[in-house]
Each structure stands twice: as structure tokens, then as C-alpha cells.
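Grab a viewer and work through these exercises with the coordinates open. Each one sets a task and then walks through a solution.

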There are 2 protein chains.
Amino acid sequence: MGPKEISNISVDCVVFGYDIKRKSLNILLIKRYLESETGSSVLVDDYVLTGYHVYEHETLDEASSRVLNKLTGLTNLYKKQFKAFGAPDRLMGEADQIWVKKKQFSPRTFTIAYYFLLKTEDVTLEGNANKAKWFPIEELPRLGFDHEKIIKEAHEDLKVKCLSEPITFELLPVKFTINDVQDLYQSILGIEIDNRNFRRKLINKKYIIALGEKQTGVSKKPAQLYMFSKDVYDKVFNKNYLISI
Amino acid sequence: MGPKEISNISVDCVVFGYDIKRKSLNILLIKRYLESETGSSVLVDDYVLTGYHVYEHETLDEASSRVLNKLTGLTNLYKKQFKAFGAPDRLMGEADQIWVKKKQFSPRTFTIAYYFLLKTEDVTLEGNANKAKWFPIEELPRLGFDHEKIIKEAHEDLKVKCLSEPITFELLPVKFTINDVQDLYQSILGIEIDNRNFRRKLINKKYIIALGEKQTGVSKKPAQLYMFSKDVYDKVFNKNYLISI
DNA sequence: ACAAAAGTGTTCACTTTACACCCATGT
DNA sequence: ACATGGGTGTAAAGTGAACACTTTTGT
């Protein structure tokens with residue numbers, strides 16, 4: 001017998017994974033599938049976020065990290081609790097009700113939603129018991145429960161957050177090129193950015209450090225590699241109170 | 001018998017009220033007081049946020065508005081759900097446990113926290129059954145549960161939010177002076193702002209509309225009155241993707 | 001006339017934006 | 001040699017920050 005679950009409270013994790021090769025911001029989703037008893041019809045066939053009930057003894061942050069770790073094996077990732085969802089009808093879709101009955105959790109479950117930032121290459125999906133799969137944020141499949149809404153809100157929060165905090169580097173490898181960062185911002189924000197202006201801006205930051213190394217194994221001019229120094233960032237960081245309404 | 005309460009989930013409301021006369025950003029708190037059965041000692045004597053269990057049939061937003069309305073009689077205020085709190089020990093202080101036992105709610109209650117913005121002058125506290133009282137954000141009394149933490153996080157969120165969205169006008173009367181707005185920003189952010197620069201900046205906004213009226217009943221030079229036009233703001237608003245990391 | 005707060009301009013430094021071509025490398 | 005993405009410079013416009021005195025009104 002494991003730890004006691006709180007039956008009406010869960011955490012859900014929106015896992016953002018950046019695929020640097022495809023320049024694609026992805027979401028990690030889990031297959032939800034159920035056939036009727038006779039096997040003659042498909043009752044549930046869609047995707048959901050990874051999530052689970054909160055245990056009696058743990059904090060919300062701990063619960064979210066546990067859930068994320070169970071799916072990916074990873075720890076110490078950047079995470080943010082961004083919103084709670086608890087509408088009475090959030091699990092009331094046809095397929096959702098079948099699923100809720102089968103899994104025997106409360107039809108009035110509140111979920112505290114987190115998002116996590118990582119690199120797709122850090123996750124091994126082969127042999128995953130949950131049939132987890134990456135989907136580009138712009139090409140999501142049919143989603144169960146209110147998870148489409150949850151993902152949309154996570155994405156909005158990420159868009160805002162990435163403009164004011166250096167969280168983008170959580171989505172990139174330790175060594176990256178300036179163009180990698182630009183591609184990432186473009187993927188997150190869905191906009192085009194001027195390369196010269198972006199490059200100048202980034203290179204002028206003291207916490208973006210040129211490594212004096214170049215890319216290897218590329219079939220073109222290899223680019224200069226940089227790293228992000230959190231130490232320097234924390235020292236240099238200067239809270240500004242610019243009112244831009 | 002009223003609507004059914006969900007025993008382990010509540011909403012808590014951080015009510016920000018701006019007192020334009022005193023130039024003070026205040027928090028509305030409720031007295032928590034309990035004597036021992038003999039009356040010989042005081043078991044609980046502090047303040048808490050207003051909050052209540054969520055009902056079976058309602059959304060979180062509805063619950064928060066209901067709670068706020070019960071305390072203040074007001075509706076249609078600006079509100080924001082900013083964070084959920086659910087640490088196992090959040091109701092485990094000595095006084096908290098006495099209170100939880102008396103009120104018979106679950107010692108593992110999760111709360112979804114909202115903040116509301118209003119003007120202190122819009123709330124009538126006389127004859128309030130809850131012994132509610134305003135406290136300047138910088139002079140909070142002893143607080144029960146984890147409510148000091150909740151208030152701190154609400155304040156931080158408000159600081160960030162007021163820099164990028166015109167929510168400050170929710171804290172001011174319809175007609176206000178430029179200096180009123182400056183005082184408010186100073187109260188929220190805890191900083192000093194240059195009057196000339198601030199004034200120029202605000203007056204240049206198309207949605208800050210000079211009314212051609214002046215203050216009355218002031219014992220000094222009366223100031224020009226302005227209003228905020230949400231209509232104009234929505235039309236003029238231009239999402240910008242300025243990366244300032 | 002005085003007290004109190006309202007209101008007013010300028011300069012300098014820096015940042016943003018717009019824009020098009022050459023360069024270095026691997027194949 | 002060629003294809004591919006890497007890398008580069010400048011000018012104009014706008015914004016932010018610093019800074020001190022005069023004006024208007026009520027009492």
C-alpha cells in the first residue's frame with residue numbers, strides 16, 4: 001500500500017520540450033485509450049497531460065515534481081505553478097466520464113497546473129509505459145478533460161515570462177548559438193525577429209558568454225557557441241520598475 | 001441546509017483597497033479570536049484573510065466572488081487568481097489547529113488564492129459581522145495560517161501586473177489627478193517616481209483623458225481631473241514582444 | 001503674504017527599429 | 001564551385017532618466 005492519495009486534488013504538468021533540431025516547441029502528452037468490454041467500439045481515444053493525485057504528506061511542488069519524474073525520470077527542472085482549475089464540468093465530457101468512472105477518481109477533481117521546461121533530447125520515450133508522445137504546440141491532438149485550456153494558459157504564461165526572465169535557457173543545451181536562442185523565441189512567441197538586432201542585443205548581455213568554441217559536425221559554416229551564466233545574471237540583475245501600460 | 005461545501009478546498013481573497021486620502025495601499029483582514037472555555041486565557045487572537053470552502057456546484061471564480069461579496073457587498077470587481085497553496089503544514093500552527101478543530105474543517109485544506117482591487121471608500125465596515133479591518137500593506141498584524149505568505153505573494157504579483165496592465169485604475173475613483181496615479185504607483189511599488197517624467201508619460205497616453213474639470217473642496221491649488229478610458233485602451237493596445245532579460 | 005501642492009522643459013544617453021550583403025565552411 | 005546558414009554596420013527615431021523653479025489657489 002502506497003501513500004494515501006487525496007481523491008479530489010491533482011496536479012497536472014504541462015511539459016514544454018524544445019526540439020532544437022526541428023526548431024519546435026513541443027508538449028509531452030499521454031495516450032488515453034479504452035475499448036468497450038466486447039472490444040467492438042472505442043470509448044476513449046485521445047491525449048491528456050500527465051498528472052496525478054496529490055498525496056497526503058506532500059506539498060503541491062513535490063507532487064508536481066514526483067509526477068514529472070515518474071514520466072521522464074528527470075529532476076531539478078525549471079517549473080512554475082501557473083493556475084488552478086476546478087470548474088464543476090471540467091471532467092464532464094462523454095469520454096471523460098467513462099474515464100473517471102474506470103479510474104475511480106472524484107468527478108469533481110481540482111487540479112493545480114504546473115509547467116516544466118526541458119529539452120526533448122533529455123527525455124527517452126522508448127519503452128514508456130504511458131505511451132507518451134511529443135506534439136508541436138501548434139499541432140495538438142484531440143485532448144481530454146479541460147487540458148486544451150490548461151495548455152493554452154500555460155503557453156500564454158510562458159510567452160509573458162520569457163520576455164522578462166532568462167528561462168529560455170532551460171529549453172536549450174548548455175552550449176548554444178545565438179541563432180538557437182532566436183529560433184527558440186520565435187517558436188515560443190510565434191513571431192519573426194530581426195537577426196541583426198537580436199544578435200547584438202544578446203551579445204551585449206554580460207551573462208551571455210562566448211565560449212571561443214564553434215559548432216562541430218555541421219555541414220555549413222559552424223557558429224560560435226555561447227553559454228548562459230546564472231551567476232553573472234544574478235549579480236548584474238537590476239530590478240526595474242518601468243511602467244509600460 | 002445550504003449548498004454542499006467541499007471540505008478540503010477553499011478560496012482565500014486578498015482584498016487590496018487603496019485609500020486615496022491617506023495614500024495607503026491596504027489589505028482587508030478579519031479578526032480571529034477565541035478564548036478558552038473558562039474564559040481565563042486567549043487561545044486565538046490574530047487576523048486572517050477572508051475565505052471559505054468552495055461549493056459543489058460552483059467554479060473557483062464564482063466561489064471567490066461569492067466570498068468577496070459576502071464580506072463587502074460588492075460585485076464585478078477586478079480579480080485575479082494568482083496561486084494555490086496546499087502545504088501539509090499550512091494550517092498547523094498552534095492557534096490554527098485550535099481554530100481548525102473548532103470550525104471543523106479539514107486540516108489538509110488546499111486554498112486557491114485570489115486578489116481583488118477596490119477603493120477603501122467603497123466598503124462599509126461598520127456593523128460588519130466579521131470584525132473586518134483595513135491594514136496598510138506595510139503594517140500587517142499577526143496573521144493566522146499561511147496568510148502572511150499568501151499576502152506577500154499577492155503583493156508581488158500585483159507589483160508585476162501593474163507595470164504592464166492598466167489595473168491601477170481599479171484602485172482609483174473614476175475621476176483622478178495625475179498625482180493620484182503617481183501616489184498609487186509609489187504605494188504599490190514602494191518606490192519614488194519623478195513627477196515630471198511620470199506626468200508627461202501619462203498625459204501622452206490617449207486613454208488618459210483630461211476632463212477639463214478641476215478638483216473641488218481642496219485647500220490649495222485644485223488639480224486637473226482625468227479619467228481612464230478602457231475603450232480607447234483596448235483599441236490602442238499594441239502587444240509588444242520586447243525581450244528584456 | 002504665506003503655505004501647499006500643481007505644473008512645467010531641456011538635455012543627454014541609450015535603445016529600438018529598419019534594412020541588405022559578404023563570409024566561412026563542408027560537400 | 002556552390003549551397004547553406006553565419007555574421008556584420010549604420011542611421012534615424014524614440015524613450016528613459018536626471019534635474020529645479022514658477023504658478024495657482026485657499027486661507
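A salt bridge here is a side-chain nitrogen of Lys or Arg within 4 Å of a carboxyl oxygen of Asp or Glu. Keep in mind that this is a predicted model.

**Exercise 1. Find what Lys80(A) pairs with, and work out where the two partners sit.**

Step 1: Start from the side chain of Lys80(A); it meets that of Asp157(A) in a salt bridge, with 2.7 Å from N to O.

Step 2: Now place the partners. Lys80(A) belongs to strand E5 (residues 78-85) of chain A and Asp157(A) to helix H3 (residues 147-164) of chain A, so the pair links distant parts of the chain, 77 residues apart.

Step 3: Check accessibility. Asp157(A) has a relative accessible area of 18%, and since buried means under 20%, it makes the cut.

**Exercise 2. Look at Lys152(A) and Glu148(A): how many residues apart are they, and are they buried or exposed?**

Step 1: The closest N and O atoms of this salt bridge are 3.9 Å apart.

Step 2: Both residues are in helix H3 of chain A, 4 residues apart, or about one turn of the helix.

Step 3: Neither extreme fits: Lys152(A) comes out partly exposed at 47%, and Glu148(A) is partly exposed too, at 43%.

**Exercise 3. Work out which parts of chain B the salt bridge of Asp12(B) and Arg90(B) ties together.**

Step 1: The side chains meet at 4.0 Å, N to O.

Step 2: Asp12(B) is in strand E1 of chain B, while Arg90(B) is in the loop between E5 and helix H2 (94-103), so the pair ties together parts 78 residues apart in sequence.

Step 3: Both Asp12(B) and Arg90(B) are buried.

Step 4: Hop over to chain A, where salt bridges that share partners join Asp12(A), Arg90(A) and Asp146(A) into one network. Over all chains, the count of salt bridges is 32.

**Exercise 4. Describe the contact between chain B and chain A, then zoom in on Asn8(B).**

Step 1: Count residues. Each chain puts in 43.

Step 2: Get the area. About 3,300 Å² is buried between the chains, with carbon and sulfur atoms giving 64% of it. On the chain B side, Tyr241(B), Ile243(B) and Ile245(B) lose the most area to chain A, together 24% of what that side buries.

Step 3: Tally the polar part. There are 15 residue pairs in polar contact and 2 salt bridges between the chains. Lys239(A) and Glu156(B) form a salt bridge at 3.9 Å, N to O. By class, the side of chain B that touches chain A has 26 nonpolar, 8 polar and 9 charged residues.

Step 4: Zoom in. Asn8(B) is in strand E1 (residues 5-19) of chain B, and a polar contact of 2.9 Å joins its side chain to that of Asn8(A). Asn8(B) counts as buried at 9% relative accessibility.

**Exercise 5. Work out what surrounds DNA strand C.**

Step 1: The strand has 20 residues around it, and the closest include Asn197(A) and Arg196(B). Of the strand's atoms that come within 4 Å of the protein, 48% are sugar and phosphate.

Step 2: Pick out individual pairs. A phosphate oxygen is 3.3 Å from a side-chain N or O atom of Lys201(A), and a polar side-chain atom of Arg196(B) lies 3.5 Å from a base nitrogen.

Step 3: Sort by class, and you get 4 nonpolar, 5 polar and 11 charged residues.

Key:
Residues numbered from 1 in each chain as written. Chains lettered and ligands numbered in written order. Predicted model: local features only at pLDDT ≥ 70, side-chain atom pairs only at ≥ 80, totals over all residues. Heavy atoms only, no water. Near = heavy atom within 4 Å. Polar contact = N/O pair within 3.5 Å; in protein donor to acceptor, adjacent residues only side chain to side chain. Nonpolar A, V, L, I, M, F, W, Y, C, P; charged D, E, K, R; others polar. Helix = DSSP H or I, 4+ residues; strand = E, 2+ residues; numbered from the N terminus. Buried < 20%, exposed > 50% of the residue type's maximum accessible area, 1.4 Å probe, protein only. Contact = heavy atoms within 4.5 Å. Buried area = accessible area lost by both parts, 1.4 Å probe.
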